[in-house]
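Biologist: I should be grateful for a close look at a single part of this model. Please place that part within its chain and then describe how it is covered and paired.

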Amino acid sequence: MRGRGGRGPLLAGVLLTVVSTVALAGACGSGNQAGTAGDASGTGAPGTLAGLQRDPPLEVGGVQLPEVTDGADGAPMAMRAEPGKLLAVYFGYTNCPDLCPTTMADLKVAKRKLGAEGDRLDVAFVTVDPQRDTAELLNRYLRSFFDHFHVLRTEDPGALAAAEGPFLASSSLTPNGDGTYEVSHTATTAVVDDSGTVLLEWPFGTTPDVMAEDLRILLSRMPSPATPTKGTNR
Amino acid sequence: MKTRQAVAGAACVLVLGAGVLGACSKESSTSTGASTTGTQKASVTVANPWARQSAMGQTMGAVYMDLTASVDDALVGASVPSSVAGEAQLHETTMGSTGSSVMGTASSIMGTGSSVKETGSSMKETASTMKETASTMAGTKSGFSGYPTHDGEDDGDGADAVATGTMGTTMGTTMGTTMGTAMGGEMGMRQVSSIALPAGTTVSLKPGGYHIMLIGLVAPLTEGQTIEVTLTFEKAPQQTVTATVKSA
């Protein structure tokens, strides 16, 4: 599809574009969060997860990073959800103008769409830019999106890389030569269960509608925290 | 323009599609000549200018909009009042080192008219390939710091913003590679000196693609606030548009 020349065969053009946009959103993860959400969730079969699932799934429960959420004081936090909940893990930074706030806003909207069930999704934000992202700044940033969240921060590049590894994520800082630097990072959101298994991954651009539908499906498969099965959760 | 509403609707969708392509792969410039409309006066129509509400502590912002030029043109600059931000720059969010490969697969998906569901199963089928690719990428992370789309400046040629794609050579890229790129690859940003606006094509500045980056926000951008953004084009006259700050 080109953007150009779509005016003649209007309907055909629109249909093709919808299809390609939706396909792209799934394929390359750069879909817009604005308009295609309904299309995407509408055309997907009910009960089908749209996020990426790996076989075998990634196991990240062994990853631990210092949690600097207000009140947590740097205690290590393992990358697994609380019992009966899901944990969305994202690697980003607060000076990020485009990807990070888009994803955080999308997660916020997805949680809202779930109503009370939305509380069963926690969000963990791992900074890839600890030099600029102080604990205080990170807390203020995340509070703009969520009432409840986890902020993870290490100043040890090795520890960060070790944490990214099991997610197959990575990040890098590239000096601009003028004292500033550019940050690049994996912009995928990983959804982790309470055993530390990554159930699915949402590429950047996954719409809030798609996220919400995926969460509905995943949560419906899990015992709710109201009926805890403590013995089976670690 | 008699079918304005329909066209607008189509454009809205087209924008998304085109924007996605742009975001993934820097849309090829090979098509821009064909739709030139001859002696028309240069003008650019701007639709849906918006910015996202900034989070506390966020010092960078982004303004998005849809641009449609009457003749081949380029957005070459943008500015905002100093009361909003210290500086505005044209930026593009890019995939990592193999970002251009996404285009090839995207095209092949389109060609088969695949739906999300089908894409989903394809994703599963190629999961192992993807994992390998992603692992490789994760293992070579230091190599990413020098990837070509991340080094900053264009040379100033108006067509460059979209001319950097190597679509022809990457059309055959496999799904596995692409998915590895999408899932495991890093995304970064680069400043661009211009954003090409082929005649009659709506170019979307959107999350994950081109945006006008606001550097050094003076105050948080709050929902409902408006920002005057002055756009400078290669040919069309400069114009100021009002971007609305939205919460999501």
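Modeller: Helices here are DSSP runs of H or I with at least four residues, strands are runs of E with at least two, and both are numbered from the N terminus. The model is a predicted one. By that assignment, chain B contains seven helices and 10 strands, and the part I have chosen is strand β3 of chain B, residues 73-79.

The setting comes first. Chain B has 248 residues, of which 58% count as buried. Among its contacts with a separation of 6 or more, 82% are between residues 24 or more positions apart. The accessible surface of chain B is about 9400 Å², with 54% of that area belonging to carbon and sulfur atoms.

Within this chain, β3(B) is mostly covered, as five of its seven residues are buried; buried here means under 20% relative accessible area.

As for pairing, β3(B) is joined to strand β6 of chain B, residues 195-197, by three bridges, and the two run antiparallel. One of the residues concerned is Asp73(B), whose bridge partner in β6(B) is Leu197(B). Strand β3(B) is also joined to strand β9 of chain B, residues 226-233, through four bridges, and this pair likewise runs antiparallel. Here Ser79(B) stands opposite Thr230(B) of β9(B). Taken together, β3(B) is thus a mostly covered strand with antiparallel bridges to β6(B) and to β9(B).

Notes. Residues are numbered from 1 along each chain as its sequence is written. Chains are lettered from A and ligands numbered from 1 in the order in which they are written. This is a predicted model: local features need pLDDT of at least 70, side-chain atom pairs count only at pLDDT 80 or more; totals for chains, interfaces and linings use all residues. Side-chain values use heavy atoms; hydrogens and water are left out. Buried means under 20% relative accessible area, exposed over 50%, partly exposed in between (1.4 Å probe, protein chains only). Contact means heavy atoms within 4.5 Å. Accessible areas come from the Shrake-Rupley method with a 1.4 Å probe; for residues, only the protein chains shown count as cover. Two strands pair if DSSP finds at least two bridges between them.
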